[in-house]
Amino acid sequence: MRRFFSIYPRVFYPSFIVIAAFVIIVITGGEGIRLFFESFYKQITTYTSWLFVIGVNIFFFVCLWIAFGKYGKYRLGGTDSRPEFNLFSWLSMLFSAGMGIGLLYFSVFEPISHFTNPPMATDSNHENAIQALTFTFFHWGLHGWAIFCIVGLAIGYYAFNKKLPFSIRSLFFPLLGKRIYSIWGDIIDIVAVVTTLFGVATSLGFGSSQIATGLNYLFEIESDLTNKILIITVITIIATISVATGLRKGILFLSRLNIIIATIFLVVILLLSDTFGIIRIFTESTGEYLSRFIELGTWSSAFIDPTWQNEWTIFYWGWWIAWAPFVGMFIARISRGRTIQEFILGALFVPTFLTFFWFSTLGGSALQLELQMPGIISTEVMKDSSTSLFIFLEQFPWASITSFVSMLMITIFFVTSSDSGSLVIDSISAGGKITASVGQRIIWSLTEGAVAIALLVGGGLNAMQVANVSSGILFLLLLFLVTFLLIRSIRRLHRKTVSKIR
């Protein structure tokens, strides 16, 4: 029994209390809390948007500097360490944990939304379509993955090379020393737990909305709040069973399965669509993204209304950062034995390339249809974003089959996101143990589902967005310090290595 419920009380209980308090406030607050969320979200994005913009650029260029510099040759875990997972398994888990449900929810909706409501004026519909995909690439591309890389690299280095606890507190060892085991370390881990849980809960909210829409489309089941709650409950139970089986069984199996299904799905859509047209869209949109990389990365709505940027770009950066403790720790956990260069290039460029092709295939095809027959997708999609994928699939043969397969992918992404998040929260709230107790894994998996339901009931996705960005800004401030300390630590490692050789 002791082993089944092994926890670190100084992090577990305060985190649980903070999360529970937030949930109670959301459920009991009614209309007043909804208005507060809207006001608070507007304030935090208005006054901190510039900080998010600067931050994501710093993280990206630091990743490149480390990967292509003299530090890239060092291994996570030491000279003799070798990868625990083969390349396919590693990339499968990277992709499933890092992208999750959002890849399906936004694949059609976001490009269509940017096309319908363009962030910048263009001279033609063609330019507008390319811009729509370019901004989608920007939100899902290198800047976001750089956030995950910084956290993952830092955790991997301190945990595997320095033998420190597998926890966010270890990132601050160069500054705090043994005080990471004091209340300061506890506070850092509490922030990480809360941030991670809200990040995962946001994805669960999006996923439940899309599954409910899919059930309505396929089986005419009402897409109401009750059914969304039921969906979260059922998926949470499945995720709890999976997370209880551990990394090598549940999560690895589901990640591999999802990559296989997603690849088949993508190939089918590619063949049913204008195949060579999509390849041209992918090429042109990627080129546009790269050519405007600095412009988009530093765009801050300085002389225009910042509403669009706050609702899209800043929300995304808050979401990526809220996921950073979870995904960063998870990719560190599966990357022991890989070189720093291999880690950064694998986690930065491979998922980005795959994501761009995914959006080019689904979002690009949707834009083609929209240009040929204005309103065929956008009319319904802009009323309800969760319908976007199914409205798109209706335009092709075998719509019922492809819609069913897409729902299966959403469900598996749902489970793997919850699994991975639970696994990471378990490690943090267990005092940095890589393998936490089964009982604690179950508790956190159920808590993620409960929080997603509470936020859905109390304020819908708006409440989730506020929770996301609010917790994200706290972790963003910590990430600036983490980046500085990581650079200093790796430079010291290099100096010691050079001294030994001499």
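Biologist: Before we look around this predicted model, what counts as a disulfide, and how many disulfides does the count come to?

Modeller: A disulfide is a pair of cysteine sulfur atoms within 2.5 Å. Take Cys63: the nearest cysteine sulfur, that of Cys149, is 4.7 Å away, and Cys63 is in no disulfide. Applying the rule to the structure gives a count of 0 disulfides.

Biologist: Thanks! Is Cys149 buried or exposed?

Modeller: Cys149 is in no disulfide either, with the sulfur of Cys63 as its nearest cysteine sulfur. Buried means under 20% relative accessible area. Cys149 has a relative accessible area of 1%, so this residue is buried.

Biologist: Let's step back to the whole chain. How many helices and how many strands are there?

Modeller: You can follow the helices by their numbers, such as helix α4 at residues 125-140 and helix α17 at residues 438-501. The full tally for the chain is 17 helices and 0 strands.

Biologist: What is the radius of gyration of the chain, and why is the chain called as compact as a globular protein of that length?

Modeller: Along its principal axes, the C-alpha trace spans about 65 × 50 × 45 Å. For 502 residues the globule rule gives 23 Å, and the chain comes close to that, so it is as compact as a globular protein of that length; its radius of gyration is 22 Å.

Biologist: What share of the residues counts as buried?

Modeller: The accessible surface of the chain comes to about 19400 Å², with 66% of it belonging to carbon and sulfur atoms. Among contacts with a separation of 6 or more, 84% come from residues 24 or more positions apart. As for burial, the share of the 502 residues that counts as buried is 61%.

Biologist: Now some rings, please. Why is the pair of Phe106 and Trp319 edge-to-face?

Modeller: The search of the whole structure finds 42 aromatic pairs. In the pair of Phe106 and Trp319, the ring centres are 6.0 Å apart. Planes over 60 degrees apart count as edge-to-face. Here the planes are at 65°, so the pair is edge-to-face.

Biologist: Which helices hold Phe106 and Trp319?

Modeller: Both residues are buried, Phe106 at 3% relative accessibility and Trp319 at 7%. They lie 213 residues apart, so to speak of this pair is to speak of a link between distant parts of the chain: Phe106 is in helix α3 and Trp319 is in helix α12.

Biologist: Which charged residue sits over the ring of Trp90?

Modeller: A charge sits over a ring if, for Arg, the CZ atom is within 6 Å of the ring centre and within 35 degrees of the ring normal. Over Trp90, the charged end is 4.2 Å from the ring centre, and it belongs to Arg338.

Biologist: How far apart are the C-alpha atoms of Phe138 and Tyr289?

Modeller: Phe138 is in helix α4 and counts as buried at 2% relative accessibility. Beyond its neighbours within four places in sequence, Phe138 has contacts that include Tyr289, Leu296 and Trp317. Phe138 and Tyr289 are 151 residues apart along the chain, and their C-alpha atoms are separated by 6.9 Å.

Biologist: One last residue: which residues does Leu479 touch, leaving out those up to four places away in sequence?

Modeller: Leu479 lies in helix α17 and is buried, with a relative accessible area of 1%. Setting aside residues up to four places away in sequence, Leu479 touches Phe59, Ile147, Ile150, Val151 and Ile321.

Notes:
Residues numbered from 1 in each chain as written. Predicted model: local features only at pLDDT ≥ 70, side-chain atom pairs only at ≥ 80, totals over all residues. Heavy atoms only, no water. Phe/Tyr/Trp six-rings, centres within 6.5 Å; stacked < 30°, edge-to-face > 60°. Helix = DSSP H or I, 4+ residues; strand = E, 2+ residues; numbered from the N terminus. Buried < 20%, exposed > 50% of the residue type's maximum accessible area, 1.4 Å probe, protein only. Rg over C-alpha atoms; globule rule 2.2 N^0.38 Å. Contact = heavy atoms within 4.5 Å. Areas by Shrake-Rupley, 256 points an atom, 1.4 Å probe, with all protein chains shown as cover.
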